[in-house]
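Got the viewer open? Let's walk through this one stop by stop, picking out something to select each time.

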Amino acid sequence: MNRIITGIVGVLFCLCQATGQEACYTSNYLQNIWQGSPEAARQAEAVKLFVDRQIAARQADLSWRGDGTAVITVPVVVHILYNTPNQNISDDRIYSQLKVLNDAFRRMAADTVNTPDRFKDRAADAEIEFRLATSDPNRRATTGIIHQYTPISLWEPDDKMKYSAQMGADAWDTDSYLNIWVCPLRRQLGYASFPGGDPVLDGIVLNTAVVGVTGKGDYNQGKTAVHEAGHWLGLRHIWGDDYCGDDGVDDTPQQANFTNGCPTGVRVSCGNSKDGGDMYMNYMDITTDPCTNLFTEGQKQRMRALFDPGGARYALLRSGALNPPLYQEIPVAEDAPTWLHPQLYPNPATAGVTLDLAYDPRWVGATLVVTNLQGVVVKKAVISNKIQVLDIRTLKPGLYLLNARRADGVSLKFKLVKI
Ligand SMILES: [Zn+2]
């Protein structure tokens with residue numbers, strides 16, 4: 001087991017030092033998990049051995065002619081966590097991301113022509129597709145894209161975005177959905193969990209800046225998601241996360257290290273010249289988006305073996321996420337998480353009440369209206385603070401209603417008892 005762990009430890013610092021930015025945080029993320037939990041490390045190793053066994057069995061079976069033409073379809077839910085409006089990226093960006101994923105995994109992208117001749121015979125259509133869910137876990141209609149406001153404007157790669165209680169969004173059943181969290185990460189482009197890990201944490205986290213086709217920067221074509229989906233399907237980095245390491249894939253050349261930028265020509269390391277040199281255009285290197293254009297047949301086999309009976313992704317084949325919904329309303333509003341619920345206290349009150357708008361600054365500027373039971377407005381105040389104190393000493397004892405409506409149409413209503 002500890003080959004994985006020691007290998008990953010070896011590469012941690014070079015990634016950060018060489019790039020100043022962490023293109024992919026997955027190695028560090030997995031190292032933290034596996035070092036903190038021997039059980040998690042054992043589980044990851046068990047998944048790897050399962051895949052090894054499935055592939056060995058196929059190679060030993062002379063009658064095996066590939067796993068058929070059945071395309072595996074992975075249902076996807078995307079949780080867009082936004083604080084500022086520009087972090088709330090459009091559904092079109094997500095659609096462009098899904099297209100990039102599918103073009104890459106089906107080897108349909110226009111840039112596959114850039115795969116060098118020496119590697120073309122190893123390039124594979126992985127026959128895996130990704131599709132936005134049509135049913136949520138309660139069989140309600142969904143677009144598969146959730147736009148979730150949060151008070152957090154910048155995230156660390158510490159999984160907090162995967163918890164509603166931490167002002168992120170809880171995963172949808174990870175046996176039925178690939179969960180993709182889109183949020184602004186401080187330094188990283190993305191990271192992914194490995195198959196066989198904690199279900200609550202299972203999925204991919206992408207920096208908002210690199211989601212979909214943006215045309216901005218080096219990671220501008222949505223390939224970060226392709227790379228992270230490779231990890232989510234159990235693929236290691238092409239250099240094996242160690243100097244001349246082993247990625248567990250037979251047809252990827254051994255390679256000394258990750259590759260920065262977008263080189264051209266043959267680059268030889270670890271004596272791999274007979275094998276074609278470094279495969280820096282593989283999606284599992286960290287070259288820039290315009291540079292990457294293939295998964296190999298060996299990578300395809302490892303990813304697809306996870307969907308065999310007993311495999312860590314097998315359950316996804318029985319997901320109901322792509323079935324027609326039982327409840328057709330589109331879109332059904334998501335329930336706001338409890339930390340976003342405004343609170344009013346004390347109630348009953350004598351002199352003043354506090355309207356606690358918690359973490360939600362969107363209420364500031366809205367007008368708070370107090371009416372009596374006859375519907376007569378007895379007090380008005382513009383909300384100027386997330387903790388708004390309202391003086392009610394002038395009100396007669398009795399029952400009142402507090403209302404406010406935000407610019408975006410969301411309203412709140414409280415019954416207030418003055419004593
Ligand atoms: Zn990676």
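**Stop one: a pair of prolines**

Start by selecting Pro348, which you'll find in the loop between β7 and β8. Keep in mind as you go that this is a predicted model. Now look at the peptide bond that joins Asn347 and Pro348: it is cis, with omega at about 5°. Next, select Pro346, which also lies in the loop between β7 (343–345) and β8 (352–356). The bond from Tyr345 to Pro346 is cis too, and its omega is near -10°.

**Stop two: the two domains**

Zoom out and color residues 2–318 as domain 1 and residues 341–418 as domain 2, following the domain assignment of the protein chain. How far apart do the C-alpha centres of domain 1 and domain 2 lie? The answer is 48 Å. Where the domains touch, the contact takes 4 residues from domain 1 and 4 residues from domain 2.

**Stop three: where the domains meet**

The size of an interface is often given as the accessible area lost when the parts come together. Here, about 330 Å² is buried between domain 1 and domain 2, and carbon and sulfur atoms give 67% of that. Select Tyr149, Pro151 and Met167 next: these three supply 94% of the area that domain 1 buries against domain 2, more than any other three residues.

What about charges? The rule finds 0 salt bridges across the interface of domain 1 and domain 2. Polar contacts between domain 1 and domain 2 also come to 0 residue pairs, counting pairs with both residues at pLDDT 80 or more. On the side of domain 1 that touches domain 2, you have 4 nonpolar residues, no polar ones and no charged ones.

**Stop four: rings side by side**

The structure holds 9 aromatic pairs. One of them is Tyr29 with Tyr191, so show both side chains. Their rings sit 4.6 Å apart, centre to centre, with 50° between the planes, and the pair counts as tilted. Why does this pair tie together parts that are 162 residues apart in sequence? Because Tyr29 lies in helix α2 (residues 26–36), while Tyr191 is in strand β5 (residues 190–192).

**Stop five: a salt bridge and its loop**

The count of salt bridges comes to 17. To see one, select Asp125 and Arg106, whose side chains meet at 2.8 Å, N to O. The pair links distant parts of the chain, 19 residues apart. Asp125 is in the loop between α5 (117–120) and β2 (128–132), and Arg106 is in the loop between α4 (91–105) and α5.

For the last selection, pick Glu127, in the loop between α5 and β2. What is the phi of Glu127? Phi there is near 55°, a positive value in a residue other than glycine.

Key:
Residues numbered from 1 in each chain as written. Predicted model: local features only at pLDDT ≥ 70, side-chain atom pairs only at ≥ 80, totals over all residues. Heavy atoms only, no water. Domains from an automatic or database assignment. Contact = heavy atoms within 4.5 Å. Buried area = accessible area lost by both parts, 1.4 Å probe. Salt bridge = Lys/Arg side-chain N within 4 Å of Asp/Glu carboxyl O. Polar contact = N/O pair within 3.5 Å; in protein donor to acceptor, adjacent residues only side chain to side chain. Nonpolar A, V, L, I, M, F, W, Y, C, P; charged D, E, K, R; others polar. Phe/Tyr/Trp six-rings, centres within 6.5 Å; stacked < 30°, edge-to-face > 60°. Helix = DSSP H or I, 4+ residues; strand = E, 2+ residues; numbered from the N terminus.
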